[in-house]
Amino acid sequence: MTAPGATGEAGAATAEGGPGERRLHPVTPLRRAWAPVAVVAGWAVQDPDGAQRQLARLTTTTLLIALAVIVPAAALYGFCSWWFTHFAVTESELRIRTGLVFRRTAHIRLERVQAIDITQPLLARVAGVAKLKLDVIGTDKKDELAFLGADEARALRAELLARAAGFAPETAHEVGEAPSRQLLRVPPGVLAMSLVLSGGTWGSLAAALVVPPLLWMATESVWTVLATALPLLGAAGASSVGRFVGEYDWTVGESPDGLRIDHGLLDRAHETVPPGRVQTVRIVEPLLWRRRGWVRVELDVAGSSNSVLVPVAPREIAEAVVTRVLPGVTVPERAALSPSPRRARWCVPLWWRGYGLAVTDAVFAARSGLLRRSLALVPHAKVQSVRMTQGPWERARGVADVHVDTGANKTVTARLRDAAEARELLAAQAERSRTGRGDARPDRWMA
């Protein structure tokens with residue numbers, strides 16, 4: 001079986017024990033041995049009453065015999081899954097071969113690789129191993145090598161990037177990882193304060209404290225309260241503690257292969273924003289951050305799951321980082337954004353004041369929101385299509401929405417523009433996109 005987005009070629013290196021093939025780190029079987037145990041645990045969670053009845057029937061001898069069967073079976077599964085997994089790097093592709101009964105060989109063309117990220121969960125950091133994840137054009141699911149030694153993962157990443165950049169195979173492994181220059185580091189205190197000042201954190205916490213008591217007074221059912229309270233508490237934790245742990249020690253560096261992002265308190269991640277693949281940049285400004293001049297920068301990247309560039313930073317610093325990911329782009333000033341006409345207030349009362357638009361030589365910039373302002377920047381070269389829409393009420397008020405679709409399957413909308421302006425914008429944006437693609441930087445590593 002050949003992985004999507006890859007070639008269907010097969011070579012001598014795919015044979016068992018073929019030349020150049022390597023195995024994963026020996027600690028990998030311990031990770032995969034949990035699969036049979038997880039199946040049993042899943043059954044117990046799915047049917048707790050049945051699991052309890054079955055356990056009550058088991059004698060000590062039967063339980064010991066079951067453990068004597070399950071533990072070696074899990075260990076054997078983990079060992080076999082590791083033993084029959086190989087990978088090899090050829091002149092033009094990375095080949096990953098897995099499976100004992102059902103064989104799968106992934107042929108990943110190096111020129112289609114858009115990002116190579118290294119992640120280290122907590123236990124992996126303790127064991128000195130790392131996971132290598134590859135973003136490939138045309139695939140939604142990341143191929144991965146888990147686990148490799150931490151040093152081996154970094155060396156393999158550098159080699160793959162060097163080969164993707166055009167270095168000869170015999171010299172690629174000598175190139176090493178490209179040097180990086182730090183652009184930004186988010187202090188833990190600033191990150192913690194930004195989460196305290198986030199409306200989402202307080203909204204989730206308020207819902208977790210208010211909704212369960214109301215349900216108890218209405219239903220007096222413990223299970224109903226628990227079924228509602230646990231997800232709400234989980235959402236509150238994810239929006240505060242979870243984000244702090246995930247975005248801890250956030251560092252952005254610049255290198256020839258793109259912007260590098262390192263972050264994480266327990267699980268460390270080393271990600272790369274692929275050059276030329278950024279479709280949209282959003283500068284988000286929550287209400288309680290404005291007195292401090294803080295913003296958050298989010299991304300839409302084609303072929304990659306990276307979505308955050310800067311979790312929190314002063315606006316001037318964040319805009320300087322944006323200019324590194326979008327060369328030649330200047331973030332429009334607030335005064336440069338033209339608001340919607342006053343008659344738009346009949347379509348969206350009050351909220352119409354949050355909409356704005358600026359079109360420069362480099363980007364289509366649309367603003368939205370009052371409490372949580374968001375300014376979306378779309379380089380003209382990344383615009384795939386432009387649409388104008390009008391509802392009945394908008395037609396009556398002489399306004400329209402202009403939608404810009406990007407290569408990341410996302411849409412940026414300029415809301416409630418004057419209808420005549422929208423029609424002119426619709427015609428002009430097609431020409432801007434055509435000329436922008438002619439001047440765009442190539443979507444290649446280190447190009």
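Start by selecting residues 278-286, which make up strand E11, together with residues 294-301, which make up strand E12; in this predicted model the two strands pair in the antiparallel sense over 6 bridges. Within that pair, pick out Val281 and then look across to E12, where its bridge partner is Leu299.

Now widen the selection to the whole sheet, an open one of 7 strands that follow the order E13-E12-E11-E17-E16-E15-E14, with antiparallel pairing. At its edges stand strand E13, residues 308-314, and strand E14, residues 338-339, and each has a single partner strand, so one side of each is left without a neighbour in the sheet. Next add residues 188-196, which form helix H8; this helix packs on the sheet, where it touches E12 and E13, and its direction makes about 95° with that of E13.

From the E14 edge, move inward to strand E15, residues 356-359, which runs antiparallel to E14 and is joined to it by 2 bridges; here you can find Pro339 standing opposite Gly356 in E15. Continue to strand E16, residues 363-368, which is joined to E15 by 4 bridges, again in the antiparallel sense, and to which E15 is connected by a hairpin of 3 residues. Selecting Val359 leads you to Phe364, its bridge partner in E16.

Return to helix H8 and select helix H10, residues 222-247, as well, since the next stop concerns the two together. Their axes come within 10 Å and cross at roughly 155°, and because angles over 145 degrees count as roughly antiparallel, H8 and H10 are therefore roughly antiparallel to each other. The crossing of H8 and H10 is right-handed. To see where the two helices meet, show the side chains of Pro188, Leu191, Ala192 and Leu195 in H8, and then those of Ser239, Ser240, Arg243, Phe244 and Glu247 in H10, which are the residues they contact.

The last stop is Glu254, which you will find in strand E8, residues 251-255. Is Glu254 buried or exposed? With a relative accessible area of 18%, Glu254 is buried, because the cut-off for that word is under 20%. Show Arg324 beside Glu254, and you can follow a polar contact between the two side chains, at 2.6 Å. To complete the view, select the residues that Glu254 touches, leaving aside those up to four places away in sequence: Pro179, Ser180, Arg181, Leu183, Leu259 and, once again, Arg324.

Terms used. Residues are numbered from 1 along each chain as its sequence is written. This is a predicted model: local features need pLDDT of at least 70, side-chain atom pairs count only at pLDDT 80 or more; totals for chains, interfaces and linings use all residues. Side-chain values use heavy atoms; hydrogens and water are left out. Two strands pair if DSSP finds at least two bridges between them. Contact means heavy atoms within 4.5 Å. Axes are lines fitted to C-alpha atoms, for helices over the stretch in contact, and angles run from 0 to 180 degrees between N-to-C directions. Buried means under 20% relative accessible area, exposed over 50%, partly exposed in between (1.4 Å probe, protein chains only). A polar contact is a pair of N or O atoms within 3.5 Å; within protein, one must be able to donate a hydrogen and the other to accept it, and residues adjacent in sequence count only if both atoms are side-chain atoms. Angles under 35 degrees count as roughly parallel, over 145 as roughly antiparallel, 65 to 115 as roughly perpendicular and the rest as oblique. A crossing is left-handed if the near helix is turned anticlockwise from the far one by less than a right angle, and right-handed if clockwise.
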